[in-house]
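Welcome! Take a moment to look over the sequence and the 3D view, then work through the exercises below at your own pace.

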Amino acid sequence: MAQHAHNHHEHSGDNLIDAARESLVASGEQWTSMRSDVFEELARHDRPASAYDIADNLSAKRGKRVAPNSVYRILDLFVGNNLALRVESSNAYLANSHPGCTHDCIFLVCDECGEATHIDNDDISSKVRGVADGAKFNTRRPIIEIRGICSSCN
Ligand SMILES: [Zn+2]
Ligand SMILES: [Zn+2]
Ligand SMILES: [Zn+2]
């Protein structure tokens, strides 16, 4: 997209897992086996996954119960380090396909199938930030999500 003057990379598959690991390690955090499992599980989902979904799948995979709370903590760490994105209106998470650069990502969330299409449009997000700044509001991050029906469900 035209607004990307920077070196923007979208990753997928093993390449995404490598990019996420490199990004986390570069910020001084460890890529533990549990963190790795949570990220792989997240990356496997093409729809936003809740901490409960991930905890269930990991419990089955690891053969012992993984508590949703420990998954939450890891997801929080991932969001804080730009490895995962939180879809607020679904209370769920997606692997961030661009861990190497920061955007105020926009989501189109389908009310039927739950799919969240990820769009980056820095023109729109900077306007939203500008409106908040104009109201003397100290913005942490804008949340821009559009609910509706996706093209497959139409
Ligand atoms: Zn970018
Ligand atoms: Zn994005
Ligand atoms: Zn749909």
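The second largest pocket has a volume of about 210 Å³. Here a pocket is sought on a 1 Å grid over the protein atoms alone, as an open set of points where a 1.4 Å probe fits, with protein on both sides within 12 Å along at least five of seven lines; its volume is the space filled by probe spheres set on the points, which are joined across faces, edges and corners. Before you start, note that this is a predicted model, in which local features need pLDDT of at least 70 and side-chain atom pairs count only at pLDDT 80 or more, while totals for chains, interfaces and linings use all residues. Residues are numbered from 1 along each chain as its sequence is written, chains are lettered from A and ligands numbered from 1 in the order in which they are written, and side-chain values use heavy atoms, with hydrogens and water left out.

**Exercise 1. The two pockets**

Describe the lining of the second largest pocket, then that of the largest pocket.

Step 1. Lining residues have an atom within 4 Å of a pocket point. For the second largest pocket there are 13 of them, and His45, Asp46, Leu94, Ala95 and Ser97 lie nearest its centre.

Step 2. Two or more lining residues come from each of strand E2 (92-95) and strand E4 (116-119). Helices (H or I, at least four residues) and strands (E, at least two) are DSSP runs, numbered from the N terminus.

Step 3. By type, this lining has 7 nonpolar, 5 polar and 1 charged residues. Ala, Val, Leu, Ile, Met, Phe, Trp, Tyr, Cys and Pro count as nonpolar, Asp, Glu, Lys and Arg as charged, and the others, Gly among them, as polar.

Step 4. Turn to the largest pocket, with a volume of about 300 Å³. Its lining has 18 residues, with Asn82, Leu85, His103, Cys105 and Arg141 nearest the centre. They divide into 8 nonpolar, 4 polar and 6 charged, and strand E1 gives the most, with 3 residues.

**Exercise 2. Three zinc sites**

Which residues hold each zinc ion, and is each site tetrahedral or irregular?

Step 1. Find the donors: N, O and S atoms within 2.8 Å of the metal (3.2 Å for Na, K and Ca); water is not among the atoms, so sites may look incomplete. The zinc ion (ligand 1) is coordinated by His6 (NE2), His8 (ND1), Cys101 (SG) and His103 (NE2), at 1.8 to 2.3 Å.

Step 2. Check the angles. Four donors count as tetrahedral if all angles lie between 85 and 135 degrees; four count as square planar and six as octahedral if opposite donors are over 155 degrees apart and all others between 65 and 115; anything else is irregular. Around ligand 1 the angles run from 102 to 137°, so the arrangement is irregular.

Step 3. The zinc ion (ligand 2) has the protein donors His98 (NE2), Cys105 (SG), His118 (NE2) and Asp120 (OD), at 2.0 to 2.2 Å. Angles of 102 to 118° make this site tetrahedral.

Step 4. For the zinc ion (ligand 3), the donors are Cys110 (SG), Cys113 (SG), Cys150 (SG) and Cys153 (SG), at 2.3 Å. The angles of 106 to 114° give a tetrahedral arrangement. Cys113 lies in the loop between strand E3 (106-110) and E4, and Cys150 in the segment after E5, so the pair ties together parts that are 37 residues apart in sequence.

Step 5. Compare accessibility, where buried means under 20% relative accessible area, exposed over 50%, and partly exposed in between (1.4 Å probe, protein chains only). Cys150 is buried at 16%, whereas Cys113 is partly exposed at 23%. At ligand 2, Asp120 is buried at 6% and His118 is partly exposed at 24%.

**Exercise 3. Aromatic rings**

How many aromatic pairs are there, and how are the rings of Phe39 and Phe78 arranged?

Step 1. Rings of Phe, Tyr and Trp (its six-membered ring) pair if their centres lie within 6.5 Å; planes under 30 degrees apart count as stacked, over 60 as edge-to-face and the rest as tilted. The whole structure holds 3 such pairs.

Step 2. The ring centres of Phe39 and Phe78 are 5.7 Å apart and their planes stand at 80°, so this pair is edge-to-face.

Step 3. Phe39 belongs to helix H2 (residues 33-44) and Phe78 to helix H4 (residues 68-80), so the pair ties together parts that are 39 residues apart in sequence.

Step 4. Phe39 is buried at 0% relative accessibility, and Phe78 is buried at 0%. Ring pairs link Trp31, Phe39 and Phe78 into a cluster.
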